[in-house]
Amino acid sequence: MENDAKKRLVVKVGTSTLTHKTGKVNIARMAKLVSVLADLHNMGHEVILVTSGAVGIGMGRLNLNERPSETEKLQALAAVGQGELMFMYDKLFGEYDVVVSQLLFTFDVLENEESRKHLLDTFNQLLDYGAIPIVNENDSVSVEELINGDNDCLSATVAALTNADMLIMFTDTNGLYDSNPSENKDAKLIEFVEKITPEIENLAGGAGSRGTGGFATKIKAAKIATEAGVPVVIANGEKPTRIYKILEGKSVGTYFVAAN
C-alpha cells in the first residue's frame, strides 16, 4: 500500500498497547499514537480508531492496583473509564486540531440489517466531516469484549462494514510466530500469510480458543476482515510510528492477504 493515495484505515489498539503492566494507562504511548493518527489524517487518510482501555483508566480513577475478574466489576470500571478515555483522546487530538467522535455499540447492532445500515451511514458522514470515529464496545451493557476478545473481532467487523483499505491491529507481540516465542528462542516470525488455514489457526492456539485479546482472537479477527476483502497487519504497538512503514509497504509484523 502506498501512502501517497488516500486510504480508509482502521487502527485497533488493545489494552496491552495502551496500558502499563500495572494496568494503568501508558500516557506517553497514547500520546504518540494520537500524533501519528493525527498526522495520517492530515495526509488525507480516513482514520477509524478502535480502542480498548476504558477498564484500565477506570482502575486508575478508582485507585485499584489489580484488574478484577468479576464481570460486574469490569463493567463498572468500563463505565467509569470510558468518559475519561474519550476526554484523553479529545484533549490529545485537540492539540492537532483534529475532531474526534465516540461510537459505542454492541454486536447485536451489527447483526440487524437496518441498524447496521444506520451505523455505516454514521461512519461515512463522520469521515466526510473530517472527524475521526473512536469506537469501543459498550462494555457497561455488553460483556463480549470484556470476556472474549479485547475488541479484536469488533475492529474486523468495523473494517468490513466500512470497506476499509486496511486493518492494522496493534498488540504486545511482533506478530504471528511459527511456535511460541516465549517457549522457543528459535521461533520465527511469519511475515506473510496468504490464507488463514487450520494450520495458521493452530499456531495461534487453535481456532476455538477463548481469551481476552489472545492471539487466537486476533487470527479470528483477521479471518473476518480478509474474507471481506480487507488486508490485515498485526504488529507490535510499542512504536505507533510503525504505521508509516506499513503504509510504505515495508515488512512490519504479520501481513494477512485479503481474499479476492
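This passage walks through the salt bridges, helix contacts and nonpolar cores of the structure. The model is a predicted one, and everything below should be read with that in mind.

Start with the charged pairs. Side chains of opposite charge can pair when their charged atoms come close. Here, the count comes to 10 salt bridges. One of them joins Glu-46 to Lys-6, with 3.8 Å between the closest N and O atoms. Glu-46 sits in strand β2 (residues 46–51), while Lys-6 belongs to the segment before β1 (8–13), so this bridge ties together parts that are 40 residues apart in sequence. The two partners differ in their surroundings: Glu-46 counts as buried, at 13% relative accessibility, whereas Lys-6 is exposed, with a relative accessible area of 59%. The cut-offs explain the labels, because buried means under 20% and exposed means over 50%. The pair does not stand alone either, since Lys-6, Arg-8 and Glu-46 are linked in a network of salt bridges.

Another of the bridges runs between two helices. Arg-61 pairs with Glu-84, and their closest N and O atoms are 3.9 Å apart. Arg-61 is in helix α3 (residues 54–61) and Glu-84 is in helix α4 (residues 71–94), so the pair ties together parts that are 23 residues apart in sequence. Arg-61 is exposed, at 54% relative accessible area, and Glu-84 counts as partly exposed at 25%. A further salt bridge connects Glu-248 with Lys-250, this time with 3.3 Å between the closest N and O atoms. In this pair Glu-248 is partly exposed at 35% relative accessibility, and Lys-250 is partly exposed too, at 48%.

Back to α3 and α4, which do more than share a salt bridge. These helices pack at an angle of about 95 degrees, with their axes 6 Å apart, and that makes α3 roughly perpendicular to α4. On the α3 side, the contact is made by Ala-54, Val-55, Ile-57, Gly-58, Met-59 and Arg-61. The α4 side brings in Leu-74, Leu-77, Ala-78, Val-80, Gly-81, Gln-82, Glu-84, Leu-85 and Met-88. Sorted by class, the contact has 10 nonpolar, 3 polar and 2 charged residues. Arg-61 and Glu-84, the salt-bridge partners, both appear among the contact residues.

A second helix pair is α6 (residues 113–129) with α8 (residues 152–161), whose axes come within 10 Å and cross at roughly 80 degrees. The two are therefore roughly perpendicular to each other. In this contact, Arg-116, Leu-119, Leu-120 and Phe-123 of α6 meet Thr-157, Val-158 and Leu-161 of α8. By class, that gives 5 nonpolar, 1 polar and 1 charged residues.

Then there is the interior. The largest nonpolar core has 40 residues, and those with the most contacts inside it are Leu-37, Tyr-89, Phe-93 and Ile-243. Helix α4 gives the most to this core, with 9 residues. Leu-37 shows how the core is wired: leaving aside residues up to four places away in sequence, Leu-37 touches Val-11, Val-47, Leu-49, Phe-93, Ile-132 and Ile-243. Another core, of 36 residues, lies apart from the largest one and has Cys-153, Val-158, Val-193 and Ile-234 among its members. Val-158 thus turns up in two places, as a member of this other core and as one of the α8 residues that meet α6.

Note on methods:
Residues numbered from 1 in each chain as written. Predicted model: local features only at pLDDT ≥ 70, side-chain atom pairs only at ≥ 80, totals over all residues. Heavy atoms only, no water. Salt bridge = Lys/Arg side-chain N within 4 Å of Asp/Glu carboxyl O. Helix = DSSP H or I, 4+ residues; strand = E, 2+ residues; numbered from the N terminus. Buried < 20%, exposed > 50% of the residue type's maximum accessible area, 1.4 Å probe, protein only. Axes fitted to C-alpha atoms, helices over the stretch in contact; angles between N-to-C directions. Parallel < 35°, antiparallel > 145°, perpendicular 65-115°, else oblique. Contact = heavy atoms within 4.5 Å. Nonpolar A, V, L, I, M, F, W, Y, C, P; charged D, E, K, R; others polar. Core = buried A, V, L, I, M, F, W, Y, C linked by side-chain atoms within 4.5 Å.
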